[in-house]
Amino acid sequence: MEEPVPIAEIANLDLDVQEDDDIVDPWNVASKSDTGIDYEKLIKRFGCSKVDDELIARFEKVTGKPAHHLLKRGIFFSHRDMHSILNIVEAGKQFYLYTGRGPSSDSMHLGHLIPFLFTKWLQEVFDVPLVIQLTDDEKAFWKDMTVETSMKMAFDNAKDIVAVGFDLEKTFIFNDLTYIGQCPEFYRNMVRIQKCVTFNQVKGIFGFGDSDVIGKITFPSIQAAPAFSTSFPAIFNDKKLPVLIPCAIDQDPYFRMTRDVSARLKFPKPALLHSSFLPALQGAQTKMSASDVNASIFLNDTAKQIKNKINKHAFSGGQPTVEEHRLKGGNPDIDISYQYLKFFLEDDEKLADIRQRYISGEMLTGELKKAAIDCISPIITEYQERRAKVTDDVLKQYMTIRKLKFDYK
Ligand code: TYM
């Protein structure tokens with residue numbers, strides 16, 4: 001008989017938070033510093049590991065491909081057990097990828113694109129299956145949204161995700177409010193996870209209180225279940241495979257819990273690659289978030305809206321007057337246009353040149369904003385062309401329960 005063993009010692013609960021520390025959890029990201037979150041400190045607090053030069057070199061060696069710029073530039077800055085995944089690849093064994101989105105707006109924003117762009121690259125270099133979870137149930141619990149509205153947003157956002165360019169033969173996208181009713185194995189894994197975690201523990205990890213609706217209390221088991229391959233019998237049969245989860249670091253609490261539970265349920269511990277946050281237009285103190293229209297560039301914004309938003313709202317690291325700027329130069333580390341270039345301008349030399357010219361005062365804020373607009377606008381335009389081609393039929397193919405191109409015996 002399965003006995004729930006309390007996991008009283010969940011590792012790295014992030015309980016030792018000091019008053020001045022940055023806030024980073026699935027619902028809030030806030031820092032008091034102009035340069036944003038102190039990611040080095042977060043690695044220590046959360047007990048994860050830094051993506052260092054050695055790991056990047058190993059990535060290149062094992063995949064035989066140059067590292068993605070999001071990895072090289074330290075934007076994916078932290079990991080859990082990434083070396084184990086590289087060991088698995090070296091040994092010719094299999095793993096899969098899992099990521100997700102909590103649909104809370106009609107369209108995703110530029111920040112959401114980061115984990116998905118990187119996941120697409122991981123799927124290409126490792127040639128592995130990918131499952132993508134849309135937590136429409138999560139948003140029904142947390143937002144003032146009906147089940148029907150959450151599901152509609154899930155389908156709209158799923159189209160946004162397809163437009164990133166995932167390979168249909170290697171990708172399964174599902175929304176909880178549909179899939180859990182279709183797949184008893186998924187629900188059984190949820191129940192196994194629910195048996196391992198007490199109310200006290202979820203309170204400790206997620207800060208739930210007595211007046212939170214009961215759906216929230218069990219939700220972490222739903223985000224944990226896709227990290228167990230047996231939740232997808234159509235893809236993996238009943239094979240227990242290791243998983244790698246790319247996401248921004250705000251999602252880590254879910255997977256700290258999952259890693260603890262997985263040991264007890266005799267599943268491999270999920271590995272993670274954590275991204276830092278694409279900052280809000282107003283400054284690096286907070287992340288780009290769907291709940292603030294003026295702080296975010298949405299994937300359905302027009303070229304004109306993007307231009308206006310950056311020109312009007314993007315926080316500048318420049319000096320108050322042209323004369324002072326020429327004399328003292330600008331600060332790219334707090335400048336949002338520069339930060340966006342760091343995330344999206346792939347050309348290393350161009351980026352280094354912009355940085356140097358901005359610091360020296362040769363490049364003015366207006367010119368830096370124009371460089372950001374010229375970089376982001378075509379990315380979004382091309383993305384929108386792909387998005388326009390994602391019909392209901394195309395989406396249905398990605399969301400149909402089916403075997404992918406991989407065989408698991
Ligand atoms: P959600 O919808 O808040 O975010 C989707 C993904 O985007 C990341 N993200 C960002 N990355 C960079 N810069 C930002 N400004 C930014 N804002 C959000 C998130 O970390 C996430 O990777 N509960 C989850 C959905 C989910 C999930 C998962 C995410 C279910 N299973 C597995 C990652 C992995 C959510 O609401 O994500």
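## Polar contacts with the ligand

A polar contact here is a pair of N or O atoms within 3.5 Å. In this predicted model, a backbone N or O atom of leucine 278 lies 2.9 Å from a nitrogen atom of the ligand, which means that the pair falls within the 3.5 Å cut-off and counts as a polar contact. Glutamine 223 approaches with its side chain, a polar atom of which lies 2.8 Å from a nitrogen atom of the ligand, whereas glycine 111 places a backbone N or O atom 3.3 Å from a ligand nitrogen. On its own the ligand has 690 Å² of accessible area, and the protein covers 97% of that area.

## The shell around the ligand

The space that the ligand takes up is the largest pocket of the model. Two or more residues of the shell around the ligand come from each of β5 (96-101), α5 (110-126), α6 (136-142) and β8 (243-248), and among these elements β5 gives the most, with four residues.

Around the ligand there are 25 residues, of which Tyr98, Arg101, Gly102, Gln223 and Asp250 come nearest. Sorted by class, the shell is made up of nine nonpolar, 11 polar and five charged residues.

## The seven-stranded sheet

The strands β5 and β8, both of which contribute to the ligand shell, also belong to an open sheet of seven strands with mixed pairing, in the order β3-β4-β9-β8-β5-β6-β7. At the edges stand β3 (49-50) and β7 (171-175), and because each has a single partner strand, one side of each is left without a neighbour in the sheet.

Between β5 and β8 the pairing is parallel and extends over two bridges; within this part of the sheet, leucine 97 has leucine 244 in β8 as its bridge partner.

## The β10-β11 hairpin

A further pair of strands is formed by β10 (residues 279-280) and β11 (residues 283-287), which run antiparallel and are joined by two bridges. Together, β10 and β11 make a hairpin with two residues between the strands, and proline 279 stands opposite lysine 287 of β11.

Technical notes
Residues numbered from 1 in each chain as written. Predicted model: local features only at pLDDT ≥ 70, side-chain atom pairs only at ≥ 80, totals over all residues. Heavy atoms only, no water. Near = heavy atom within 4 Å. Polar contact = N/O pair within 3.5 Å; in protein donor to acceptor, adjacent residues only side chain to side chain. Areas by Shrake-Rupley, 256 points an atom, 1.4 Å probe, with all protein chains shown as cover. 1 Å grid on protein atoms, 1.4 Å probe; cavity = no way out; pocket = protein on both sides within 12 Å on 5 of 7 lines; lining within 4 Å. Sits in = over half its atoms within 2 Å of the grid points. Nonpolar A, V, L, I, M, F, W, Y, C, P; charged D, E, K, R; others polar. Pairing = 2+ DSSP bridges.
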